[in-house]
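Me: I should like to go through this model one question at a time, beginning with a single residue. Please give the reasoning before each answer.

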Amino acid sequence: MDKILTVKKEKLYSFIWTVPIVALIIAGTLIYRSHFNKGPEITLILSKADGIEAGKTAIKALSVNVGKIESITLSPDRKNVIATARMDPGTEDLIREDSRFWIQKVRIDRQGVTGLDTLLSGYYIELSPGNSPRPSKMFSVLDDPPIATDDRGLFLTLHSKSLKRVSPGSILKFKGIEAGYIIDANYDFQKQVMAYRVFVSYPYSKIVDSGTKFWISSGITFSMGTEGLKVDTDSLENIISGGISFDNIEGSLNDEDDVPVKNDHVFTLYNDRTSIVPTYASSRTLDYVILLPYPDRGLQPESPVFFQGVQVGVVKRAPYFPENYRLFHNYSKYTAVLISIQQERYEKSSLETIEEIRQDIEHLIREKNLTASVENMNMLTGKKCIDLLMVEDPGTERIVYNAPYHGYPVIPSVDKSLNTIQDDLSRFTHKLATLPMEDLANNVNQLLKNFQNTALEINALTSNINAIADKLHKENISHEMLSTLKEVQSILASYNSDSALYRDLSQAVKELNSTLKGVKPVVSKVNEKTNSLVFSYDRQDPVPAGKKEKKENKKK
């Protein structure tokens, strides 16, 4: 029987082919991912590459890996480091024009210790995404983290000429409350000032206006003013790390003149709070000139001006030199002092206009002899002030200047120079010279003799009392009488010539007698020359040459 051959149809595929197919798919995926599905490439510029390694250093945003450094090279000018980084796919919206990069590492600052995780993982680059609609491929990496800001805050510039320095990152305070930060500090060579860039956070940014004052609040400040020694201290944190404070310390003096400010507004940064001088509206001030026969060093800018005990203004310039003034060419026997009468100092809601106040001052000058004088405010510091008063004595010599002094009206003044002081001293020495020094010394000597005689009499009386006490004791007189006699005896003993009271009183009388003998030559000298207490040296008055020749001819 013939065998029947069955022909089987061979399969067109085999399971073994799945292996190369899967390999091709994986390879295609890798090729696609490596060439067609790459994330964007960016360039980072660093000042130095501390802790940065190619192929290892990650780029993170909120602790999530979003890229990696691929290569590190030096810039063509050899001044910076250029790092090429590959971002992960889908991170295009993170790298905008205002995105910021910085190196995350261990730091110790005012917020404490940060970045401790980098001790194990190594340095990495932190990314803060931006909001700009335009993308970018090149960024500068910051050495320090940027300070967190708010769109509602204010970026301001502070100019300072102080020798004190405040570090970037220090706190900006309002009434002791943290209200912002110092972003950076640079020296402006053109204006020759320190320029601080600061950020005032919201809601404190609403407080800042054109009248806000900024001052350095670090350390301890000592100041000697007319009221004595003042000590101003800040918080311990500011003393250690430094800081800047701000406030609208002028109150409501000129609130209507203060306007809100915008970003990049420039303010003056004062050395401390005590150096801030309140400003007043120029439309409510009157400037006058006072003429003095000598320059007074006790008068300085901002020295007070008083009228009836109320401060009505300040000294603006002492001495005052007009524009184009030539000191030696325009020599004058008077020194000008420019003062400013400031209405806001003494009346915030005055019904008078500034012109009416000017008329009142002119009326006082004409009718009431309004006069300015320089007075001492503090003998220790030597600071002085100007006092406006009405002179009632018609014999008082005033310095009157009827014409305006370079455009400024002149208030008459009283000369209180060294001559006036010398006249007062001469009157005092004259009174001293009229004292009966010899009679007084004789009286003191007589008092000493009388005291010595009294002491002898007391000694004799004490002896008599002792004898009486012994006799009474022998005759059994009561103990009360004996105790009374003993008390009298102890009292009288205190006046004995050997007692401490007698010695002290005797020494005091002798010192008084010696002092009076020493004053006697001074009184004789004052009688001869009244100004000898001021000018202590002896010198013959110069004799003119003509008189010398006449004297020589007479001798011949």
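Me: Is S136 buried or exposed?

Reply: This is a predicted model, in which local features need pLDDT of at least 70 and side-chain atom pairs count only at pLDDT 80 or more, while totals for chains, interfaces and linings use all residues. Residues are numbered from 1 along each chain as its sequence is written, and side-chain values use heavy atoms, leaving out hydrogens and water. Buried means under 20% relative accessible area, exposed over 50%, and partly exposed in between, with a 1.4 Å probe and protein chains only. The relative accessible area of S136 is 18%, so S136 is buried.

Me: Which residue offers a backbone oxygen to the side chain of S136?

Reply: S136 sits in the loop between β8 (124-128) and β9 (138-142); strands (E, at least two residues) and helices (H or I, at least four) are DSSP runs numbered from the N terminus. A polar contact is a pair of N or O atoms within 3.5 Å; within protein, one must be able to donate a hydrogen and the other to accept it, and residues adjacent in sequence count only if both atoms are side-chain atoms. At 3.2 Å, the side chain of S136 reaches the backbone oxygen of M138.

Me: Which residues does S136 contact, apart from its neighbours within four places in sequence?

Reply: Contact is taken to be heavy atoms within 4.5 Å. With the neighbours within four places set aside, S136 is in contact with I42, I95, R96 and E97.

Me: In what order do the strands of the closed barrel run?

Reply: Strands of a sheet pair through backbone hydrogen bonds, in either the parallel or the antiparallel sense. Two strands count as paired if DSSP finds at least two bridges between them. The closed barrel has seven strands with mixed pairing, in the order β1-β4-β3-β2-β8-β5-β9.

Me: What is the average twist from one strand to the next in that barrel?

Reply: Axes are lines fitted to C-alpha atoms, for helices over the stretch in contact, and angles run from 0 to 180 degrees between N-to-C directions. From one strand to the next, the twist averages 35°.

Me: Which residue of β8 is the bridge partner of K60?

Reply: K60 belongs to strand β2, which covers residues 58-61 and pairs with β8 in the parallel sense over two bridges. Strand β5 (residues 100-104) is joined to β8 by five bridges and runs antiparallel to it; there W102 stands opposite E126 and Q104 opposite Y124. On the β2 side, the bridge partner of K60 in β8 is E126.

Me: How many of the five residues of β8 are buried?

Reply: One side of β8 carries Y124, E126 and S128, the other I125 and L127, and all of these are buried, so that both faces are covered. Strand β8 is largely enclosed by the rest of the structure, because the residues that are buried number five of the five.

Me: What is the relative accessibility of K60?

Reply: Not counting residues up to four places away in sequence, K60 touches N65, V66, Y124, I125, E126 and L127. K60 counts as buried, because its relative accessibility is 19%.

Me: Which aromatic cluster does F174 belong to?

Reply: Rings of Phe, Tyr and Trp (its six-membered ring) pair if their centres lie within 6.5 Å; planes under 30 degrees apart count as stacked, over 60 as edge-to-face and the rest as tilted. A search of the whole structure finds eleven aromatic pairs. In one of them, the rings of F174 and Y204 have centres 6.2 Å apart and planes at 50°, so the pair is tilted. The cluster consists of F174, Y204, F214, F246 and F267.

Me: Which residue's side chain joins that of T212 in a polar contact of 2.6 Å?

Reply: T212 lies in the loop between β13 and β14 and counts as buried, because its relative accessibility is 3%. A polar atom of the T212 side chain lies 2.9 Å from the backbone nitrogen of D209. The polar contact of 2.6 Å between side chains joins T212 to N248.

Me: What share of the chain counts as buried?

Reply: The secondary structure of the chain comes to ten helices and 27 strands. Of the 556 residues of the chain, the share that counts as buried is 33%.
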